[in-house]
Amino acid sequence: MIKTIATTPYDDQKMGTAGLRRKSKVVMQPNYVENFMQSIFNTIGDLHGKTFVVGGDGRYYNDIAIQKIIKMAAANGVAKLIVGQNGFISTPAGSNVILKNHANGGFILSASHNPGGPNGDFGIKYSNESGGQIPSQISDKIYQNTKMITEYKICDIPDIDLSELGVQNICGMTVEVIDPVKDYVEMMQQIFDFSALKKLFAAGFTMRFDAMNAVTGPYAVRIFEEILGAPKGTVVHASPLPDFGGLHPDPNLVYAKELVDFMNSDKAADFGAANDGDGDRNMILGRHFFVTPSDSLAIITDNFQLIPAYKNGIYGVAKSAATSTAVSRVARAHDIGYYEVPTGWKYFVNLMDSKRITFCGEESFGTGSSHIREKDGIWAVLFWLSIIAATGKSVEQITREHWAKYGRSYYMRFDFEGLDTGVADKLMSDLENKLPSLNGKNINGFQISSAAPFIYNDPVDGSSTKNGLIISFADGSRIVYRLSGTGSSGATLRVYLERYSKTDLDNEPLKMLEEILKIAMDAAEIPERTGKHQADVIT
Ligand code: G16
């Protein structure tokens, strides 16, 4: 039944910030998934006795790609696959399944927050036995393999039924279909005080959770409605759909508009939250109030003592360089370790494994802890609910009190989308060459204290990564430039702006950042080079 099929390479199978992400139509080309998966299997080498986890966010083409992966894994000698029922597993739940079962890795089929459907995006995230996504050194080897591939192996059998829980034997390989929600819920119950949260809802606390027609719907319904007792209908867009019902499942102020409008209306709930396509991103809202992901990380870190799993202490905290420095002040106050890494959750994994950090987060709506090796949307929501339950305060009160204690980092991100990759690459390289000449300059009263690329030297494996360019000012303000690594075509330039104030706590972020934005646009010559005088998406 095992067949060896001849194939020719594709030249575009390089992984980005988090796995391979392409237009669905690109991935649907003949042998595209097969080439990529065989290249992974070739890079791993001997697969005998190995176990992997497989699932996805239910997006268009997941069902077909999962069948291919199962048949190829069997043909390549994998011992066992643990597969989510009907092919569903969220990214955080997948990380937990890998760790809990001591599996050798896993494949989550998702393009995360990117839209799905025949005209949307598709993706494959590959994690190793750490439960986190593979480091760049390994993804580079896989990419080299994709450029040379000549054949792949597949088991020639009919599609496998993934609708029933249980164990089957496929071409000599064991396939165990699991409930993707059960283990995840148990893990959350071990971290948080569920009885305190039940009391919160029993007392009439209201919440709206927008699952954006993506994978977290079933997880959220089980946890918030069935276990914690929030009324039915608390979770909206709860059924995962192949095209997310036309939604762009990115939990931010632009794409989670329906939730944002609701939370800004007279009918607003006490608390609002959304997750992305594969359940690793989160957005936190109060009544008429938005918490930036950077502030959310700082507030979560400051409140670790309120959560049973962390009350005895945390190791330290890390953020991506592009994320605001809010959490650095909390780390200093608690005298815990503090790290800045390149954008990409995989850079946190070594820090967690070596017990340097417990919490980590990113401006791109990702927050998490060392309970797994991925960011975790529902974990962040449960953390916020726990702070509210313990303090009796609203989201806004908690955030304003945090600012009063530590000062406020005004922070926004400006995305210039759909750029020609040549134009974007040249903009970045020219800017990098220009940085030394900016050092020490005073522009409109803003004194530049340093201007340099961000270089991360991993304290655990010694690897060095360059990611983005940073202009820092004497007053603590910063401009960070980088190119996105999660798009499926063209280039997106991200410009991250931050301005810190200890006393001016109630201003408009855009107003506070106006002058720095001008400096950022001028320094990189964004209008001249891209033709864009303003960003396409501002978050
Ligand atoms: C991925 C990574 C994150 C990263 C984000 C944004 O998230 O896991 O660590 O912050 O991409 O990347 P970029 O700025 O390169 O587009 P996800 O949720 O897409 O897997």
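**Exercise 1. Locate Tyr61 among the secondary-structure elements and describe its backbone and burial.**

Tyr61 sits in the loop that connects strand S3 (51–56) to helix H3 (62–75). Helices (H or I, at least four residues) and strands (E, at least two) are DSSP runs, numbered from the N terminus. The model is predicted: local features need pLDDT of at least 70, side-chain atom pairs count only at pLDDT 80 or more, and totals for chains, interfaces and linings use all residues. Residues are numbered from 1 along each chain as its sequence is written, and side-chain values use heavy atoms, with hydrogens and water left out.

Next, the backbone: phi of Tyr61 is near 85°, a positive value in a residue other than glycine. Most residues other than glycine have a negative phi. Finally, Tyr61 is buried, with a relative accessible area of 8% (buried means under 20% relative accessible area, exposed over 50%, partly exposed in between; 1.4 Å probe, protein chains only).

**Exercise 2. Do the analysis for Phe365: which loop holds this residue?**

Phe365 lies between strand S17 (359–362) and strand S18 (366–369), in the loop. Its phi is positive, about 65°, although Phe365 is not a glycine. Phe365 is buried, at a relative accessible area of 6%.

**Exercise 3. Describe the surroundings of the ligand by class and by polar contact.**

Step one is the shell. There are 20 residues around the ligand, and Thr17, Glu362, Arg482, Gly485 and Thr486 come nearest (a residue is near a molecule if one of its heavy atoms lies within 4 Å of it). By class, the shell has two nonpolar, nine polar and nine charged residues. Here Ala, Val, Leu, Ile, Met, Phe, Trp, Tyr, Cys and Pro count as nonpolar, Asp, Glu, Lys and Arg as charged, and the others, Gly among them, as polar.

Step two is the atom pairs. A side-chain N or O atom of Lys125 is 2.8 Å from an oxygen atom of the ligand. For Lys375, a polar side-chain atom lies 2.8 Å from a ligand oxygen atom. For Asp280, the distance from a polar side-chain atom to an oxygen atom of the ligand is 3.5 Å.

**Exercise 4. Which residues have the most contacts inside the largest nonpolar core?**

The largest core has 67 residues, and Phe224, Phe271, Trp379, Leu382 and Leu385 have the most contacts inside it. A nonpolar core is a set of buried Ala, Val, Leu, Ile, Met, Phe, Trp, Tyr and Cys residues joined through side-chain atoms within 4.5 Å. Helix H13 (residues 377–391) gives the most to this core, with ten residues.

Note on methods: Polar contact = N/O pair within 3.5 Å; in protein donor to acceptor, adjacent residues only side chain to side chain.
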